[in-house]
Amino acid sequence: MDQRAEIPLAFAPLPEGEMRARAMAFRALMSARRTVRDFSDRPVPRQLIEDCVMTAASAPSGANQQPWTFACISDADVKRRIRAAAEEEERSFYAGRASDAWLRALAPLGTDAEKPFLETAPWLIVIFGQRWGVAPDGSRVKHYYMPESVGIATGFLIAALHGTGLATLTHTPSPMGFLNAICGRPDNEKALILLVTGYPAQGASVPDIRRKTLDDVAVWI
């Protein structure tokens with residue numbers, strides 16, 4: 001028997017003209033987003049980060065299991081430890097773990113093993129995916145579509161931070177197991193993305209690259 005509890009959907013249709021204006025405005029807002037690697041140490045209030053994280057937590061997820069944890073880090077000592085561990089992995093990556101093809105793909109971005117932004121930026125947000133949940137009795141609860149769900153939530157988070165007026169960087173040192181130890185997270189959680197956020201440094205620059213066109217990314221069937 002279906003025992004679902006339901007509530008009315010809060011949905012207010014908009015005139016098509018307003019819908020178009022909103023779509024164009026949001027497109028313009030997000031088109032201006034760029035990944036930043038030069039951050040200012042200017043403080044960012046915790047309330048801004050809380051609001052953006054809760055926007056991310058509103059994302060859809062498989063079976064509504066919400067399989068994510070956002071570890072929000074502003075402590076200078078913890079950021080320093082994260083930088084040291086991340087740079088150790090990055091040195092191994094650039095010194096031999098990465099293929100020549102991968103390094104050639106990264107060359108236009110100017111990246112290397114040095115990650116000073118991990119200390120400079122006021123906030124690091126480690127996005128963990130919960131591979132399984134834990135029931136009140138301690139038993140495992142299988143999670144469905146965890147990577148997809150966390151990926152959607154991460155997109156929400158990046159959009160929220162950008163819309164707030166902050167810059168972001170998605171950093172993915174590999175492997176990232178050190179983040180569980182530093183952040184004190186359990187074995188059922190896997191670090192997927194280390195998101196750096198704050199204000200860009202004065203005079204910050206970004207690579208001169210272009211995004212694909214509509215025809216490159218969409219087909220109409």
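The exercises below, each with a worked solution, concern a predicted model of a protein.

**Exercise 1. The overall build**

Work out how many helices and strands the protein has, and in what pattern they follow one another along the sequence.

Solution. Begin with the count, which gives 8 helices and 6 strands for the protein. Next, read the elements along the sequence, where they appear in the pattern α-α-β-α-α-α-β-β-β-α-β-α-β-α. Then turn to the extent of the model: taken along the principal axes, the C-alpha atoms fill a box of roughly 60 × 50 × 40 Å. Finally, consider how distant parts of the sequence meet: among contacts between residues at least 6 apart in sequence, 81% join residues at least 24 apart.

**Exercise 2. Surface and charge**

Describe what share of the residues counts as buried, what the exposed surface is made of, and how far apart the mean positions of the positive and negative charges are.

Solution. The protein has 221 residues, and 37% of them count as buried. The area that the protein exposes is about 14000 Å², and carbon and sulfur atoms supply 56% of that area. For the charges, there are 25 positive and 25 negative ones to consider, and their mean positions are 2 Å apart.

**Exercise 3. An aromatic pair**

Decide whether the rings of Phe93 and Tyr94 are stacked, tilted or edge-to-face, and then compare how each residue is covered.

Solution. A pair of aromatic rings is described by the distance of the centres and the angle of the planes. The rule for pairing asks for centres within 6.5 Å, and by this rule the count comes to 1 aromatic pair. That pair is Phe93 and Tyr94, with 5.0 Å from centre to centre and 85° between the planes. Because planes over 60 degrees apart count as edge-to-face, the pair of Phe93 and Tyr94 is edge-to-face. As for cover, buried means under 20% relative accessible area, so Phe93, at 9%, counts as buried, whereas Tyr94, at 23%, is partly exposed.

**Exercise 4. Charges over rings**

Find which ring lies under the charged end of Arg42, and which ring has Arg140 over its face.

Solution. Start with Arg42, whose charged end sits over the ring of Tyr199, 3.8 Å from the centre of that ring. Continue with Arg140, which lies over the face of Trp132 at 3.7 Å from the ring centre.

**Exercise 5. Backbone details in two loops**

Locate the cis peptide bond between Ser174 and Pro175, and then describe the phi values of Ala63 and Asn64 together with their exposure.

Solution. The peptide bond from Ser174 to Pro175 is cis, with omega near 0°, and Pro175 belongs to the loop between strand E5 (167-171) and helix H7 (178-183). Ala63 is found in another part of the sequence, in the loop between helix H2 (46-56) and strand E1 (68-73), and Asn64 also lies in the loop between H2 and E1. Neither residue is a glycine, yet Ala63 has a positive phi of about 55° and Asn64 has a phi near 55°. Since exposed means over 50% relative accessible area, Ala63 is exposed at 61%, and Asn64 counts as exposed at 54%.

**Exercise 6. Distance along the chain and in space**

For Glu50, Asp51, Glu119 and Asp137, set the separation in sequence beside the C-alpha separation in space for the partner residue given in the solution.

Solution. Take Glu50 in helix H2, which is partly exposed with a relative accessible area of 32%: Glu50 and Cys72 are 22 residues apart in sequence and 8.9 Å apart in space. Asp51, also in helix H2, counts as partly exposed at 45%, and its C-alpha atom is separated by 16 Å from that of Val126, 75 residues apart along the chain. Glu119 lies in helix H5 (residues 117-120) and is partly exposed at 29%, with Asp77 being 42 residues apart from Glu119 in sequence and 8.8 Å in space. Leaving aside its neighbours within four places in sequence, Glu119 is in contact with Lys79, Arg80 and Arg83. Asp137, in the loop between strand E3 (132-134) and strand E4 (140-142), counts as exposed at 63%, and Asp137 and Thr168 are 31 residues apart in sequence and 39 Å apart in space.

Note on methods:
Residues numbered from 1 in each chain as written. Predicted model: local features only at pLDDT ≥ 70, side-chain atom pairs only at ≥ 80, totals over all residues. Heavy atoms only, no water. Phe/Tyr/Trp six-rings, centres within 6.5 Å; stacked < 30°, edge-to-face > 60°. Buried < 20%, exposed > 50% of the residue type's maximum accessible area, 1.4 Å probe, protein only. Lys NZ or Arg CZ within 6 Å of the ring centre and 35° of its normal. Helix = DSSP H or I, 4+ residues; strand = E, 2+ residues; numbered from the N terminus. Contact = heavy atoms within 4.5 Å. Areas by Shrake-Rupley, 256 points an atom, 1.4 Å probe, with all protein chains shown as cover. Lys, Arg positive; Asp, Glu negative; His and termini not counted. Charge placed at Lys NZ, Arg CZ, Asp CG, Glu CD.
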